[in-house]
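Student: Could you take a close look at one strand in this structure and what surrounds it? After that, please follow the connections into the rest of the chain.

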Amino acid sequence: MTAASPVATLRAGQDVAGVFACTRKDRLVSRTGTPYLSLELRDRTGAVPARAFRDADVLAGRFERGDVVRVAGRVERFRDELVVDVRAVARVAPDDVDPAAFLPVAYRDVDELDGFLEHLAGEVTDRGFAALLALLLGDEELRGAWRRAPCTRTGHHAYLGGLLEHTLAVATLAVEACALHPRLEHDLLVTAALVHDLGKTREFTYGAEIGLSEEGRLLGHVSLGLRLLEDAVRAVRLDDARAVALAHCVLTHHGPDAAPGRRFGSPEALALYRLNALDASVKDALEHGLG
């Protein structure tokens, strides 16, 4: 039987022909002096070790650790564990596969989260901020990246859809904070909460693992987010006062040290910083513990 079966369903004696993430690649030498490849193949259901004994050096030149690869082989049992005996392996272009097949994904339905994003954006009544949000949400490429991106690579919300989940949590907390503190400027704080991590849509790459894009590595998500907002602000002709207030909130959402003057310039900026930290720290504790 040949199958592109999930790793969790593989059984001894099963032929395998499918696409996996290669998360480990070592060239080793057997006791007889013959080189072979020791691999780990992964999808979102789990991981399985693999070995390539035939034409190891030829196969090794066709892919690298971290690539998505197409594998043909057979599942064998070796020392009480399943191992894929690889006959053929080659790199697959990341754009040709869905990263959700290999990477962890949000626990909640992304379509539901996406609908809630629209709902929260609709709660903003200020004409300038509403126009800005409408422009951002109407950008199909940006919207797709917003749905796909994680929030971090190894920390809180470190899975596809994590950015959207975190964004909505912070925005929901912002709405509640405004109800408790009516002097907060609702539309500024909610808009800032919705766009504060927008740069993460350009920060990551997706293959066998979540990686950093070159601009993400060199600039970081805050600078990338401000660039995206600057373009949108010009497009909707948001007035300077609103644009500066929003940019300040985004710039200081990890604390005032990131901003000129090293202090919060508005209660909304302080609120966003605290609400962002609240969701991130609680989620991190739930995911990874309190240690």
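Tutor: Start with valine 19, which is in contact with Val68, Val69, Arg70, Val97 and Phe102, leaving aside its neighbours within four places in sequence. The model is a predicted one, and valine 19 belongs to strand β2, residues 15–29. Is valine 19 covered or open? Its relative accessibility is 22%, and since buried means under 20%, valine 19 counts as partly exposed. Arginine 91 is 72 residues away from valine 19 along the chain, yet their C-alpha atoms are separated by 9.3 Å.

Strand β2 also takes part in salt bridges. Aspartate 15 pairs with arginine 74, and their closest N and O atoms are 2.8 Å apart. Aspartate 15 is in strand β2 and arginine 74 is in strand β5 (residues 68–78), so this bridge ties together parts that are 59 residues apart in sequence. Arginine 74 itself is partly exposed, with a relative accessible area of 32%. Another bridge from β2 joins arginine 27 to aspartate 57, with 2.7 Å between the closest N and O atoms. Here the partner of strand β2 is helix α1 (residues 56–60), which holds aspartate 57, and the two residues are 30 apart in the chain. Aspartate 57 is partly exposed, at 43% relative accessibility.

Beyond strand β5, two loop residues deserve a look. Arginine 79 lies in the loop between β5 and β6 (81–92), and aspartate 80 is found in that loop too. Most residues other than glycine have a negative phi. Arginine 79, however, has a positive phi near 50°, and aspartate 80 has a positive phi of about 65°. Both side chains are open to the outside: arginine 79 is exposed, with a relative accessible area of 69%, and aspartate 80 is exposed at 72%.

Now for the interior. In soluble globular proteins, nonpolar side chains tend to be buried together. The largest nonpolar core in this model has 51 residues, and those with the most contacts inside it are Leu136, Trp146, Leu194 and Val195. Helix α5 (residues 162–180) gives the most to this core, with 8 residues. A second, separate core has 21 residues, including Phe20, Val48, Ala60 and Val69. Val69 has been named before, as one of the contacts of valine 19.

Helix α5 is worth following further. It has 19 residues and reaches 27 Å from its first C-alpha to its last, close to the 27 Å expected at 1.5 Å a residue. Its buried residues, among them Leu163, Leu164, Leu168, Val170 and Ala174, pack against α2 (110–122), α4 (140–148), α6 and α9 (267–288). One of the buried residues of α5 is charged: Glu165. Which residue does glutamate 165 meet in a salt bridge? The partner is lysine 283, at 3.4 Å, N to O. Glutamate 165 lies in helix α5 and lysine 283 in helix α9, so the pair ties together parts that are 118 residues apart in sequence. Both glutamate 165 and lysine 283 are buried.

Helix α9 also has a part on the surface. Leu278, Val282 and Leu286 form a nonpolar patch there, with about 290 Å² of accessible area together. Valine 282 sits in helix α9 and is partly exposed, with a relative accessible area of 42%.

The loop between α5 and α6 contains histidine 181, a partly exposed residue with a relative accessible area of 49%. Histidine 181 is 80 residues from alanine 101 in sequence, and their C-alpha atoms are 43 Å apart. Helix α6 (residues 186–195) is mostly covered, with 9 of its 10 residues buried. The buried residues include Asp187, Thr191, Leu194 and Val195. Valine 195 touches Leu133, Leu136, Leu229, Leu246 and Val250, not counting residues up to four places away in sequence.

To finish with the salt bridges, the whole structure has 21 of them. Asp111, Asp114, Glu118, Arg143 and Arg147 are linked in a network of such bridges.

Note on methods. Residues numbered from 1 in each chain as written. Predicted model: local features only at pLDDT ≥ 70, side-chain atom pairs only at ≥ 80, totals over all residues. Heavy atoms only, no water. Core = buried A, V, L, I, M, F, W, Y, C linked by side-chain atoms within 4.5 Å. Buried < 20%, exposed > 50% of the residue type's maximum accessible area, 1.4 Å probe, protein only. Helix = DSSP H or I, 4+ residues; strand = E, 2+ residues; numbered from the N terminus. Contact = heavy atoms within 4.5 Å. Expected span 1.5 Å × (residues − 1). Patch = residues over 30% accessible without salt bridge, like charges linked within 9 Å, V, L, I, M, F, W, Y side chains within 5 Å. Areas by Shrake-Rupley, 256 points an atom, 1.4 Å probe, with all protein chains shown as cover. Salt bridge = Lys/Arg side-chain N within 4 Å of Asp/Glu carboxyl O.
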